[in-house]
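Grab a pencil and have a go at the exercises below. Try each one yourself before you read the solution.

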Amino acid sequence: LDVQFIHLEALAGAQRLQETMNVAMDILVELGHPRLPKKPGLRDIIPGIMKVKRALPANDDAILNAPEMTDKKLLAIQRCLAFLVPIAFFVNMHDLIPVLTN
């Protein structure tokens with residue numbers, strides 16, 4: 001998996017951003033994450049926003065005191081999603097950003 005992330009970083013560093021998006025989306029599917037829509041619309045965005053809103057606790061203490069995530073697969077998914085946010089911005093896939101962050 002580390003090799004795949006190095007490949008992503010190399011693609012992004014070479015300004016091959018669309019290819020970076022495609023490879024990262026394939027990695028996410030390999031990790032068991034649902035395939036991301038290539039052109040998300042409100043039907044994709046609104047449920048994601050609502051899911052995040054429901055998951056947020058009432059205060060910051062609950063987040064600060066939450067147990068550390070140890071599931072290697074979930075950590076890899078989060079790493080990949082976080083990596084994709086700025087890439088999505090630069091390839092004009094702004095509508096994908098809310099989907100990436102839920």
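Here are five short exercises on this predicted model, each with a worked solution.

**Exercise 1. Getting your bearings**

Work out how many helices and strands the protein has, and in what pattern they follow each other.

*Solution.*
- Step 1: Count the elements. You should find six helices and zero strands.
- Step 2: Read along the sequence, and you get α-α-α-α-α-α.
- Step 3: Put a box around the C-alpha atoms. Along the principal axes it comes to roughly 40 × 30 × 20 Å.
- Step 4: Look at burial and contacts. Of the 102 residues, 28% are buried. Among contacts with a separation of 6 or more, 66% link residues 24 or more positions apart.

**Exercise 2. Checking the span of a helix**

Check what span helix α1 should have at 1.5 Å a residue, and compare that with the distance between its end C-alpha atoms.

*Solution.*
- Step 1: Helix α1 covers residues 2–13, which makes twelve residues.
- Step 2: The expected span is 1.5 Å times one less than the number of residues, so α1 should span 16 Å.
- Step 3: The end C-alpha atoms of α1 are 16 Å apart, so the two values agree.

**Exercise 3. Two faces of one helix**

Sort out which residues of α1 are buried and which exposed residues sit on the face turned away from them.

*Solution.*
- Step 1: Use the cut-offs: under 20% relative accessible area is buried, and over 50% is exposed.
- Step 2: The buried residues in α1 are Phe5, Leu8, Leu11 and Ala12. They cover an arc of only 120° around the axis, so they lie on the same side of α1.
- Step 3: Now turn to the face pointing away from that buried side. There you meet the exposed residues Asp2, Val3, Ile6 and Gly13.
- Step 4: Ask what does the covering. The buried residues of α1 are covered by elements including α2 (17–30) and α5 (72–90).

**Exercise 4. How two helices pack**

Decide how α1 and α5 are oriented, and what kinds of residues make up their contact.

*Solution.*
- Step 1: The axes of α1 and α5 come within 12 Å and cross at roughly 5°.
- Step 2: Angles under 35 degrees count as roughly parallel, so α1 is roughly parallel to α5.
- Step 3: List the partners. From α1 come Asp2, Phe5, Leu8, Glu9 and Ala12, and from α5 come Ala76, Arg79, Cys80, Phe83 and Ile87.
- Step 4: Sort them by type, and you get seven nonpolar, no polar and three charged residues.

**Exercise 5. Three loop residues**

Find out whether Leu36 is buried or exposed, then do likewise for Gln15 and Asn92.

*Solution.*
- Step 1: Leu36 lies in the loop between α2 and α3 (42–55). Its relative accessibility is 7%, so Leu36 counts as buried.
- Step 2: See what Leu36 touches. Apart from neighbours within four places in sequence, Leu36 is in contact with Met25, Leu28, Leu81, Leu84, Leu96, Val99 and Leu100.
- Step 3: Gln15 lies in the loop between α1 and α2. Its relative accessible area is 61%, so Gln15 is exposed.
- Step 4: Asn92 lies in the loop between α5 and α6 (97–100). With 61% relative accessibility, Asn92 counts as exposed.
- Step 5: Check the backbone angles. Most residues other than glycine have a negative phi. Gln15, however, has a positive phi near 65°, and Asn92 has a positive phi of about 60°.

Technical notes
Residues numbered from 1 in each chain as written. Predicted model: local features only at pLDDT ≥ 70, side-chain atom pairs only at ≥ 80, totals over all residues. Heavy atoms only, no water. Helix = DSSP H or I, 4+ residues; strand = E, 2+ residues; numbered from the N terminus. Buried < 20%, exposed > 50% of the residue type's maximum accessible area, 1.4 Å probe, protein only. Arc of directions from axis to C-beta. Contact = heavy atoms within 4.5 Å. Axes fitted to C-alpha atoms, helices over the stretch in contact; angles between N-to-C directions. Parallel < 35°, antiparallel > 145°, perpendicular 65-115°, else oblique. Nonpolar A, V, L, I, M, F, W, Y, C, P; charged D, E, K, R; others polar.
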